[in-house]
Amino acid sequence: MRHIFAIMIAALFLFYPSHGFTVVKEIVAEGAYNMGDGETPSVAESRALLNAKRIALEQAGTYVESYTKVKNIQVTEDEIQVLASGIMEVEILDKKRTIVGDGFRFWVKIKATVNPDRIQEMAKKVKEKSVIDDYKKIQEAYDKSQKEIEELKKQLAQAKDKKEKKKVEAKISDDERMFQANEWFDKGYQHYLNKEYDKAIEAYTSAIAINPNYAKAHYNRGTVYGKEKGLHDKAIEDFNKAIALNPNLAEAYNNRGAAYGNKGQYDRAIEDYNKASTLNPNFAEAYNNRGIAYADKGHYDRAIEDSNKSIALDPNYAKAYYTRGLAYGKKGQYDRSIEDFNKAIALNPNDAKAYAARGLAYAILGVIDRAISDLQKACDMGDENGCKGLKIALQSR
């Protein structure tokens, strides 16, 4: 009898889930908003939907935090919120509008779905500082709009004549316009997180159509054009506009520099990196990018100097170690380059280029087995140079 019982328990154990995060998390939330005079129904409904999403996001964040702890995924508190926002898919289950006093009350019920299979990949994306900054600015813009609209409602109720009412109504209209522009910016940001780059460009374009002076929307669209689509001239146009609207936007100079660098215009790139680092002396990425431009010009010592500055500002900046490793390699200092590639890989184990570069350094030093191991890893990860180097290394074995 005991033997049969043991077999049954063993069978159950085999089919028992190994952890508590094998299923998709579903969250049902509700949000409401009271529309006042001067407001439009479409925006009022959007505000109700936003309130529902924020309630759902709190629960999604708690779920994601538990998951990342179990899986030992290293993310900060800020990154957890962005991560949850990026993977949360929302479906409207029901919506109603009812008369409350002299106005309408909009109510929305949603189902938010969180798929744990997407957490690992999204965790890499939210490591970008710009992603965290965008999320915070989006939320700040929503909060600002909410405070302003409530104040404007009070002012409209207290307005004494038609002229004063029209002034307040015009301000309400402007606030709604900015709210809608931020909505489109938010959609662009979500599409970018999910690597839907064409949709991201469309959303940022819609934000710009509503608010042509939206510097961050021009900047973000330019980033997608340049970084993800390879459309460097279009990217430069957007960065030019962003800089014209906000001359202190260091990130725009940095990314415009990258676009110029990709076009082979290294001197113009260096000018932009100089400006970016002047505006923000703690901008580790700008120093690293300037180092890349110097390396492309054959100025390897200056490239190493800039990588050193970048690493001093951010000791966990994997790209800076990779850049410095390449510069050491160009100078024939392969042992030092391998040390840097080791560090880059330790900080970012998914960097195929670092494996390929280390593999090539090992090959030059005649350490063929290690070279083949690294180049195979890079090739398996889809790196073209890794695959080319692997063929050569295998032939020399």
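## A walk from helix α6 through the core

Helix α6 is a convenient place to enter this structure: the helix has 32 residues and reaches 46 Å from its first C-alpha to its last, which is close to the 46 Å expected at 1.5 Å a residue. The model is a predicted one, and everything described here should be read with that in mind. At the N-terminal end of α6, Asp-161 acts as a cap, with a side-chain oxygen lying 3.2 Å from the backbone nitrogen of Lys-163. Just after α6, Lys-195 takes a positive phi of about 60°.

Within α6, which covers residues 162-193, one finds Val-168. Because its relative accessible area is 5%, below the 20% under which a residue is taken as buried, Val-168 counts as buried. Not counting residues up to four places away in sequence, Val-168 touches Leu-152, Gln-155 and Leu-156. For Gln-155, 13 residues apart from Val-168 along the chain, the separation of the two C-alpha atoms is 7.0 Å.

Farther along α6, aromatic rings come into view, and the structure as a whole holds seven aromatic pairs. One of the pairs is formed by Tyr-142 and Phe-179, whose rings are tilted, with 5.5 Å centre to centre and 55° between the planes. Since Tyr-142 lies in helix α5 (residues 129-158) and Phe-179 in helix α6, this pair ties together parts that are 37 residues apart in sequence. Tyr-142 and Phe-179 are both buried. Ring pairs also link Phe-185, Tyr-204 and Tyr-214 into a cluster.

Lysine side chains, too, can be followed from here. Lys-187 lies over the face of Trp-184, at 4.2 Å from the ring centre, and another such arrangement places Lys-377 over the face of Tyr-355, at 5.7 Å from the ring centre. Lys-216, in helix α8 (residues 215-228), is buried, with a relative accessible area of 14%. Leaving out residues up to four places away in sequence, Lys-216 touches Asp-134, Lys-137 and Phe-185, the last of these being a member of the ring cluster with Tyr-204 and Tyr-214.

The nonpolar interior can be considered next. In soluble globular proteins, nonpolar side chains tend to be buried together. Here the largest nonpolar core has 71 residues, and those with the most contacts inside it are Val-64, Val-82, Leu-83, Val-114 and Tyr-189. Helix α2 (residues 41-70) supplies the largest share of this core, 12 residues. Setting aside its neighbours within four places in sequence, Val-64 is in contact with Ile-80, Leu-83, Ala-84, Ile-87, Val-114 and Ile-119. A second, separate core of 14 residues includes Ile-311, Tyr-317, Tyr-321 and Ala-356.

Several of the partners of Val-64, including Ile-80 and Leu-83, are among the buried residues of helix α3. Helix α3 (residues 77-87) is mostly covered, with eight of its 11 residues buried; these are Glu-79, Ile-80, Val-82, Leu-83, Ala-84, Ser-85, Gly-86 and Ile-87. The buried residues of α3 pack against the helices α2, α4 (119-125), α5 and α6, and also against β2 (88-100) and β3 (103-114). The packing of α3 against α6 brings the reader back to the helix at which this account began.

Two residues deserve attention for their backbone geometry. Most residues other than glycine have a negative phi, and most peptide bonds are trans. Asn-72, although it is not a glycine, has a positive phi of about 55°, and this residue is found in the loop between α2 and α3. With 57% relative accessibility, Asn-72 counts as exposed. Lys-195, likewise not a glycine, has a positive phi of about 60° and lies in the loop between α6 and α7 (197-210). The relative accessible area of Lys-195 is 46%, so this residue is partly exposed.

The last stop is Ala-361, in helix α16 (residues 352-365). Ala-361 counts as buried because its relative accessibility is 4%. Not counting residues up to four places away in sequence, Ala-361 touches Ser-337 and Ile-338. Asn-255, by contrast, is 106 residues apart from Ala-361 in sequence and 30 Å apart from it in space, C-alpha to C-alpha.

Technical notes. Residues numbered from 1 in each chain as written. Predicted model: local features only at pLDDT ≥ 70, side-chain atom pairs only at ≥ 80, totals over all residues. Heavy atoms only, no water. Core = buried A, V, L, I, M, F, W, Y, C linked by side-chain atoms within 4.5 Å. Buried < 20%, exposed > 50% of the residue type's maximum accessible area, 1.4 Å probe, protein only. Helix = DSSP H or I, 4+ residues; strand = E, 2+ residues; numbered from the N terminus. Contact = heavy atoms within 4.5 Å. Phe/Tyr/Trp six-rings, centres within 6.5 Å; stacked < 30°, edge-to-face > 60°. Lys NZ or Arg CZ within 6 Å of the ring centre and 35° of its normal. Expected span 1.5 Å × (residues − 1). Polar contact = N/O pair within 3.5 Å; in protein donor to acceptor, adjacent residues only side chain to side chain.
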